[in-house]
Amino acid sequence: MAYLRVSTEEQSLGPEAQRASIEGWAAQQGVQVLSWHLDQGVSGSTPIEGRPGLLAAFRSLEELEAGQLVVAKWDRLARDVIVSATAERLADRVGAQVTSADGVGAGTGPEAILMRGISAALAQYERALIAARTSAALRALRARGKRAGAVPLGYTLADDLKTLVPNLDEQASIELAKQLHTEGWSFREIAGRLEAVGHRPRGSCWHAMTVLRMVRC
């Protein structure tokens with residue numbers, strides 16, 4: 001099993017690059033990747049219950065009796081020590097091990113366990129740095145009189161970079177998502193329906209977490 005994760009605030013290692021890294025590792029190890037699972041637009045600090053891709057990966061580990069869940073780097077698994085440790089324990093419960101394609105923390109000995117812990121701590125530290133840089137950038141924007149923060153779904157930013165104006169296409173997507181939600185559709189099913197009827201997402205495709213934010217807005 002392979003797990004890919006890309007957050008909204010860091011795009012240095014996209015899904016294609018992660019996949020290439022894992023495919024290279026698999027070829028070197030002589031193993032086959034049985035399935036691929038992606039969480040896009042998901043922060044490294046997001047708890048496991050908020051990651052549909054990772055949850056699907058754990059289900060596949062158990063159903064297919066796979067021995068490893070591989071990530072390109074440890075920070076793709078998580079940028080939070082607790083989340084990373086929890087993921088390793090969940091994999092262990094189904095007889096599997098989390099492995100990093102870059103070779104860091106490989107094995108089951110004390111040294112490998114130490115290296116995985118250090119990698120998780122460094123990933124959490126880097127997330128804190130990213131948050132600090134983002135906060136500083138937002139303060140600078142506000143000081144120049146420009147709007148700071150993400151543009152909410154259903155709106156776009158006017159030419160003055162301060163005023164929000166309605167985005168009719170996104171608002172139509174939100175209305176459809178809310179309607180389907182009241183009819184009992186799951187977030188994943190709604191995402192598929194939006195894609196099928198031609199509603200365009202902001203990113204590459206619709207995700208269950210995006211739909212969740214839409215029905216709550």
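Start at His207: select this residue in the loop between α7 (187-196) and α8 (208-216). This is a predicted model. Is His207 buried or exposed? His207 has a relative accessible area of 18%. Buried means under 20%, so His207 is buried. Now show what surrounds this residue. Not counting residues up to four places away in sequence, His207 touches Gln40 and Ala191.

**The whole chain**

Zoom out and colour by secondary structure. The protein chain has eight helices and six strands. Trace them along the sequence and the pattern reads β-α-β-α-β-α-α-β-α-β-β-α-α-α. The chain has 217 residues, and 37% of them count as buried. Switch on a surface: the protein chain exposes about 12200 Å². Carbon and sulfur atoms supply 54% of that area. Next, consider contacts between residues at least 6 apart in sequence. Of these, 58% join residues at least 24 apart.

**Helix α1**

Select residues 15-29, which form helix α1. How far apart are its end C-alpha atoms? They are 21 Å apart. At 1.5 Å a residue, the 15 residues should span 21 Å, so the model agrees with the expected span.

Show side chains on α1 next. Pro15, Gln18, Ile22, Trp25 and Ala26 are buried. Look down the helix axis: these buried residues fall within an arc of 100°, so they line one face of the helix. Turn to the other side of α1, where Glu16, Ala27 and Gln28 are exposed.

What do the buried residues of α1 pack against? Their partners are β1 (2-6), β2 (36-40), β3 (68-71), α3 (74-77) and β4 (97-100). Step just past the end of α1 to Gly30, which takes a positive phi of about 70°.

**Strand β4: Thr99**

Go to Thr99 in strand β4. At 10% relative accessibility, Thr99 counts as buried. Leave out residues up to four places away in sequence, and Thr99 touches Trp25, Gln68, Leu69, Val70 and Val71. Trp25 belongs to the buried set of α1 that you have just viewed.

**The largest nonpolar core**

Move on to Leu69. Leaving aside neighbours within four places in sequence, Leu69 is in contact with Met1, Ala2, Tyr3, Leu54, Ala57, Phe58, Leu61, Gln97, Val98 and Thr99.

Now select the core around this residue. The largest nonpolar core has 18 residues. Which members touch the most other members? They are Ile48, Leu54, Phe58, Leu61, Leu69, Leu77 and Ala91. Elements α2 (52-64), β3, α3 and α4 (81-93) each supply at least two residues of this core. The largest share, four residues, comes from α2. In soluble globular proteins, nonpolar side chains tend to be buried together.

A second, separate core holds eleven residues. Select Leu180, Ile190, Ala191 and Val211, which are among them. Ala191 is also a contact of His207, where the tour began.

**Last stop: Glu65**

Finish in the loop between α2 and β3, at Glu65. Check the backbone here. Glu65 has a positive phi of about 55° although it is not a glycine. Is Glu65 buried or exposed? Its relative accessibility is 69%, so Glu65 counts as exposed.

Note on methods
Residues numbered from 1 in each chain as written. Predicted model: local features only at pLDDT ≥ 70, side-chain atom pairs only at ≥ 80, totals over all residues. Heavy atoms only, no water. Expected span 1.5 Å × (residues − 1). Buried < 20%, exposed > 50% of the residue type's maximum accessible area, 1.4 Å probe, protein only. Arc of directions from axis to C-beta. Contact = heavy atoms within 4.5 Å. Areas by Shrake-Rupley, 256 points an atom, 1.4 Å probe, with all protein chains shown as cover. Core = buried A, V, L, I, M, F, W, Y, C linked by side-chain atoms within 4.5 Å.
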